[in-house]
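Here are some quick notes to read beside the model. Have a look at it first, then go through the points.

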Amino acid sequence: CRCRALLSGPAGALRARRGLAAGPEMHFGFQTVTEEERREKIYQVFENVAKKYDVMNDSMTLGIHRVWKDILVHKMNPCPGTLLLDVAGGTGDIAFRFINYVRSVRQRQLQRKLKHNQNLSWQEIFDSYQKDQFNSLGDSQVVVCDINREMLKVGKQKAQHLGYSEGLSWVLGNAEELPFDDDKFDVYTIAFGIRNVTRIDLALQEAYRVLKPGGRFLCLEFSHVSNPLLSRLYDLYSFQVIPVLGEVIAGDWRSYQYLVESIRQFPPQEELKAMIEDAGFFKVDYDNLNFGIVAIHSGFKL
Amino acid sequence: RGGEEEEEEEEMEGRHPLYPGHIPTSPLQKALLAAGSAVMALYDPYRHDMVAVLGETTGCLALPNLRDKMKNHPEGYRILQERPRIRLSTLDMARLQGLPDGSLGREYVRFLEDNKVSPDTRMPPKFVDDEELAYVIQRYREVHDLMHTLLGMPTNMLGEVVVKWFEAIQTGLPMCVLGAAFGPVRLSSRKLQVLATELVPWAIRSGLNASCVLNVYYEQRWEQPVESLREELGIFPPP
């Protein structure tokens, strides 16, 4: 196995992986850099990949990332009126799915209401249409927060292109220091974003802060494959194929080399669970998708 | 940014970058890159970077050959030692423009202006695993515009294909061969006819007859008339 080379000593490795300020040294993929350098490099990576982000996701995962994101939103099972904060939400994948989900739940709600109102007069039924018509989302809202301007730009363009306007806000912000007040959101999601955060502990603390009591934390992220055969195949694919795809499709080998390295540097399932618990969340657990290639961690603020 | 990463980077393959911008690759990665870049270059002809990558990943036989040709020639040897680069910052454009018509320098500048191209748009090599060979391919790229000037070919599709035929014979680079073979695919039948009957045979004859074009220290020959340089090299006059 190719990884694990750089970090000095097991304790240092553990702390560096947890994204704690283990002195000035941090990892950027397999390189060793300072905290500030790491933030800058990651900003540049996403600035470079923003325009081809979605195409690359489809190529690298053969479209499976769409299923993973669907599963996340289904697990969330939001009802109309939910206020969602999607951090590192860049190009809007989770936000759009949330809106679709909530819209269809709302549709069913309205249909059920109609069924119950069948004994009303025509005028009364028509009046009830008027009231609900302009509320297709049922007051649900999603705030997409991302640190990278380019990613937000692409996201906004996509929203316009796909026709999403209601219930959607775009905010520039840092997961380690969110520009929001305490106890505001019902759900906090971070999909394929927490890996790029330099101080994961701070991001988790912020997540705890901005969630309402009873609010839910959901994290979708690449994780560790324990099955040895699968792990080798996965490594082979990651290190041999993905940077090549990056070069051919996006003209950018290095950003995708960083991507596959950063996956290997990220804490495995149990460790991330412990970090989430450290931030104060309760009932923390995780589900592996595709044998651990991806995992969804969930926790509640009580 | 490339330099900084080069210092810190420990490639997971256990190999280290040999020059700024070098990305060491495994044989499997090279094979995938060659295939992928070939497809992408055909699919999107504006992806010049893909043509460059194709050249780098398939040049493992042709490049050492070229390098040896240069080593065994006095002028080529000097080029390998001194490593001149053709870039806007190193060229004295005003002086070249002032040279008489018909001279290499004047015609080169005229070519750049007419076709609105610049020598600075050439990609630096990334996937060549030998530092000297990386220079050879870089030199080949930078000399490409001079090929256009010597052959009198513009930068449209037709002109590029003709130059590719010439380069394919001269260098043996698989990328040139592929470009020469597949380039005409997008041409009209009228152009194809001209290509097949006049231009390509001339390019082939010139390519075979001429001595190695990489063995010419162009930067020291700006005053030389193009005609004379053609004769010296063995390139027949263009049709």
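1. In chain A, helix H11 (residues 269-278) has these buried residues: Gln269(A), Glu271(A), Leu272(A), Met275(A) and Ile276(A). Buried is under 20% relative accessible area, exposed over 50%, partly exposed in between (1.4 Å probe, protein chains only). They sit on the same side of H11(A), because they cover an arc of only 165 degrees around the axis, taken from the directions from the helix axis to the C-beta atoms. Helices are DSSP runs (H or I, at least four residues), numbered from the N terminus. Just after H11(A), Gly280(A) has a positive phi of about 110 degrees.

2. A word on the basis: this is a predicted model, where local features need pLDDT of at least 70 and side-chain atom pairs count only at pLDDT 80 or more, while totals for chains, interfaces and linings use all residues. Residues are numbered from 1 along each chain as its sequence is written, and side-chain values use heavy atoms, with hydrogens and water left out.

3. Now the cores. The largest nonpolar core (buried Ala, Val, Leu, Ile, Met, Phe, Trp, Tyr and Cys residues joined through side-chain atoms within 4.5 Å) has 58 residues, and Leu150(B) and Tyr218(B) have the most contacts inside it. H8(B) gives the most to this core, 11 residues.

4. Leu150(B) touches (heavy atoms within 4.5 Å) residues including Leu104(B), Tyr218(B), Val226(B) and Ile235(B), leaving aside those up to four places away in sequence. A second, separate core has 54 residues, among them Phe30(A), Met60(A), Ala159(A) and Ile293(A).

Methods: Chains are lettered from A and ligands numbered from 1 in the order in which they are written. Helices (H or I, at least four residues) and strands (E, at least two) are DSSP runs, numbered from the N terminus.
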